Amino acid sequence: MHIKNSKRIVALGVLAAISLTGCAAGGSGGSAGGSDAAACAPSDGKVELSYTSWIPGIDKVVDIWNKENPDIQVTVQTGPNGNGGTYKNFFNQLSAGNAPDLGQIEYDALPNFRVQDGLTNIASCKNVTESKDDFIDWTWNQVTFGEKDSVYAIPQDTGPMAMYYRKDLFEKAGIAVPTTWDEYAEAAKTIRTQGGYITNFPQNDVNWFAGLVWQADGRWFSNDGDKWDVTLTSPESEKVADYWQGLISTDLVSKVPAWTDEWNNAYNTGSDWTWISAVWGANSISSGAPDTSGNWAVAPMPQWKAGENKAGNWGGSSTAVLKGSKHPYEAAQFALWLNTSDEALTALNKEANLYPATKAGLKLPVLGDGVDFYGGQKIYDTFATAANETNSDFVWGPTMTQTYGDVADGFGEVLGGTGTLTDALKTGQKKTIDALDAAAIPVNK
Amino acid sequence: MSQISAGAPKEKLASRTAAMIVMGVSTLYFLVPIWWLFIGSTKSREQFSSTAGLWFADFNLFTNIGDLFAYNDGVYLRWMLNSIIYASFGALLGTLFAAMCGYALAKYRFPGRELIFNTVLGGVLVPATALALPLFLIFSQFNATNTFWSVFLPSIVSPFGVYLARIFAAASVPDELLEAARLDGAGEVRTFFSVSRRLMTPALVTIFLFQFVAIWNNFFLPLIMLRDQTLFPVTLGLYTWNSQVNQIPEIRTFVIIGAFLSIIPLIIAFLSLQRFWRGGLGAGSVK
């Protein structure tokens, strides 16, 4: 009884303190209603939009828009990256009815927002649907979820994957640059005899592993409109798992945690020879392994069948119009400009190394230059090719944070010496189905 | 101490050595990360990952500081300023309220006094993190999220301060003195400010420091409340940067040097208020 009373009084106290705030800040006014703007009609007069993104320097890009569009002014809001807190904030704000008009959402988080009804469908904006062919094919499927008459976000950037490798070491050792995964495994053996490792297997970059499965035409999720299918253990997925399990079991790859000093050092000292990574990885190497400048080169990902041309993707974001925005038309116009216009794409690349999701963007002048760190190679040409070779059918699930976590736990055990990557996928499969079930999301068991 | 000096010389030496080892190890434990941070702050980005973590390479501390202050139009300085404002004004007001509340609970008899005190004690047990989301939803009702007040107002509440102030007021402000003040015609408010406050000063400094550190380190509330980076405290700002390191590796240097600089105000606050702090803790614990 006593405790109950105390709690009540604490609650009252908090309320009292809060109502003071209300008086202090009451001027801003306005109700945060969720108008379901199916129609894409321009608003009258001057419109102010808020846009939350964690891209460094995004405010400078938005300034360009604000100068050119006095009637649609965009305020940039920022925060940590999506999984670092911004997604959680979006969900809090959506339930409080004060979400920003636009938000940055990575492709692998979009289904979560779609499932929780956090996105506004902007398919009724004519120029949005017309822009479909401007974007790299697979990105458009990510923002429409394959639904009819639906566009829930505008693709922003992508992370096409290729193989970074130490050109000098490969030449010195007389190893041909591997073009298939079989050749890659052979090269791994030779490199191991010379004291190096061909690459590193990271525990926590499960989305990297997903990129490899993506290349092998595997899918981890699908949705027929009614129910989700979880297929972490599909044959393609297990094929990739078996392959890397082989490299791990025979000690042909190093096992340091990625993104640490130890990991940087493995590349900086020439102990690790290649990295299958996304386009944005170019900067990770040049900053983590500065002593190896000029010795790197980029080649397409090794293929499962000789002669094929398939690539995976790792990372990338979209710009979504969040539920409750009162100006979906203006928001859509801004999102289109931000992610298709040459000036915005050039600025985004300059500020934050974003790699465009449009077909035209791949040919931007800034992406045509040779890069000194890679011996002057025009590395972005390789990535542009990869972007167009990425399978369009890959689908992310609605609980990726959980899936990543559970699979990473399993990967950790493998690197510690117990279990297999396939076991990790099986556990991930089971736990993902459980999680979907627990969240009352229909799923095939 | 007295027990140690009373023992035999041999035992004295052994226990003293043991104590020194324990102290030495914990000193190392606390200082090595700060040393690492300092060393990291003096290195260029290239040398940061390629040289030993605990010793100097080329000394670039001032270049790094200059770059940090210039990056993104000097937003780091803005964050530091915000943190100082949130923490110092929040701690000042928080201390004042806690002192008045604790004093009233200690020196006045009124119905419900124990209930209020117990409620406040209960408040000590509720972690600030658990209150962040409810606070966000309540502030949302008033369209007051993403404002200075959304972080500042919750910061001036300090249940632990009220507790300390009550204990200390009961111990250090004699009732006779208050009666004398009343007889001399001083009102209750004047008595509090000119008599009791002075007697309570050591406790107030303690509360101030506690509160200052708590607000300075507060991270979760600003994370949930704020979206405008010009309102960020330095903790949230650095966290935001750190989450962008994979995208822009250059930022890593700024995170390191920024973290190093951000502990300096805390060190200053502690060193300058240290002697009051010790007095306050001692007085509170005797009672």
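# Briefing: chain B, its contact with chain A, and the domains of both chains

In this predicted model, 37 residues of chain B are in contact with 42 residues of chain A. Chain B has 16 helices and zero strands, and its residues are assigned to two stretches, domain 1 (2–64) and domain 2 (68–286). Chain A is likewise given a domain 1, made up of 47–158 + 316–367, and a domain 2, made up of 161–313 + 381–438.

**The side of chain B that touches chain A**

- With 37 residues of chain B meeting 42 residues of chain A, at least two residues of the chain B side are supplied by each of the helices α3 (45–50), α6 (113–125), α7 (128–141), α8 (148–155), α13 (220–225) and α14 (234–242) of chain B.
- Among these helices, α7(B) gives the most to the side that touches chain A, namely six residues.
- By class, this side of chain B comprises 17 nonpolar, 16 polar and four charged residues.

**Overall form of chain B**

- The C-alpha trace of chain B spans about 70 × 70 × 30 Å along its principal axes.
- Chain B contains 287 residues, of which 37% count as buried.
- Where contacts within chain B join residues at least 6 apart in sequence, 73% of them link residues at least 24 apart.

**Domains of chain B**

- Taken over C-alpha atoms, the centres of domain 1 and domain 2 of chain B are separated by 30 Å.
- Seven residues from domain 1 of chain B and eight residues from domain 2 of chain B take part in the contact between these domains.
- On the domain 1 side of this contact, α2 (9–41) and α3 of chain B each supply at least two residues.
- The largest share of that side comes from α2(B), which provides four residues.
- The side of domain 1 of chain B that touches domain 2 of chain B has three nonpolar, three polar and one charged residues.
- Helix α3 of chain B thus appears in two settings: it supplies at least two residues to the side of chain B that touches chain A, and at least two to the side of domain 1 of chain B that touches domain 2 of chain B.

**Packing of α5 and α8 in chain B**

- Helix α5 (residues 75–107) of chain B packs with α8(B) at an angle of about 40°, the axes lying 8 Å apart.
- The two helices, α5(B) and α8(B), are therefore oblique to each other.
- The crossing of α5(B) and α8(B) is right-handed.
- From α5(B), the residues B:Tyr86, B:Gly90 and B:Gly94 meet B:Val151, B:Phe152 and B:Ser155 of α8(B).
- This contact of α5(B) with α8(B) involves three nonpolar, three polar and no charged residues.
- Helix α8 of chain B also supplies at least two residues of the side of chain B that touches chain A.

**Domains of chain A**

- The C-alpha centres of domain 1 and domain 2 of chain A lie 28 Å apart.
- Between these domains, 17 residues of domain 1 of chain A are in contact with 19 residues of domain 2 of chain A.
- Helices α4 (110–115) and α6 (137–144) of chain A each supply at least two residues of the domain 1 side that touches domain 2 of chain A.
- Helix α4(A) gives the most to that side, with four residues.
- Nine nonpolar, six polar and two charged residues make up the side of domain 1 of chain A that touches domain 2 of chain A.

Technical notes. Residues are numbered from 1 along each chain as its sequence is written. Chains are lettered from A and ligands numbered from 1 in the order in which they are written. This is a predicted model: local features need pLDDT of at least 70, side-chain atom pairs count only at pLDDT 80 or more; totals for chains, interfaces and linings use all residues. A residue is buried if 20 or more other C-beta atoms lie within 10 Å of its own, exposed if 12 or fewer, and partly exposed in between; C-beta atoms are placed from the backbone. Two residues are in contact if their C-beta atoms, placed from the backbone, lie within 7 Å. Ala, Val, Leu, Ile, Met, Phe, Trp, Tyr, Cys and Pro count as nonpolar, Asp, Glu, Lys and Arg as charged, and the others, Gly among them, as polar. Domain bounds come from an automatic or database domain assignment. Axes are lines fitted to C-alpha atoms, for helices over the stretch in contact, and angles run from 0 to 180 degrees between N-to-C directions. Angles under 35 degrees count as roughly parallel, over 145 as roughly antiparallel, 65 to 115 as roughly perpendicular and the rest as oblique. A crossing is left-handed if the near helix is turned anticlockwise from the far one by less than a right angle, and right-handed if clockwise.
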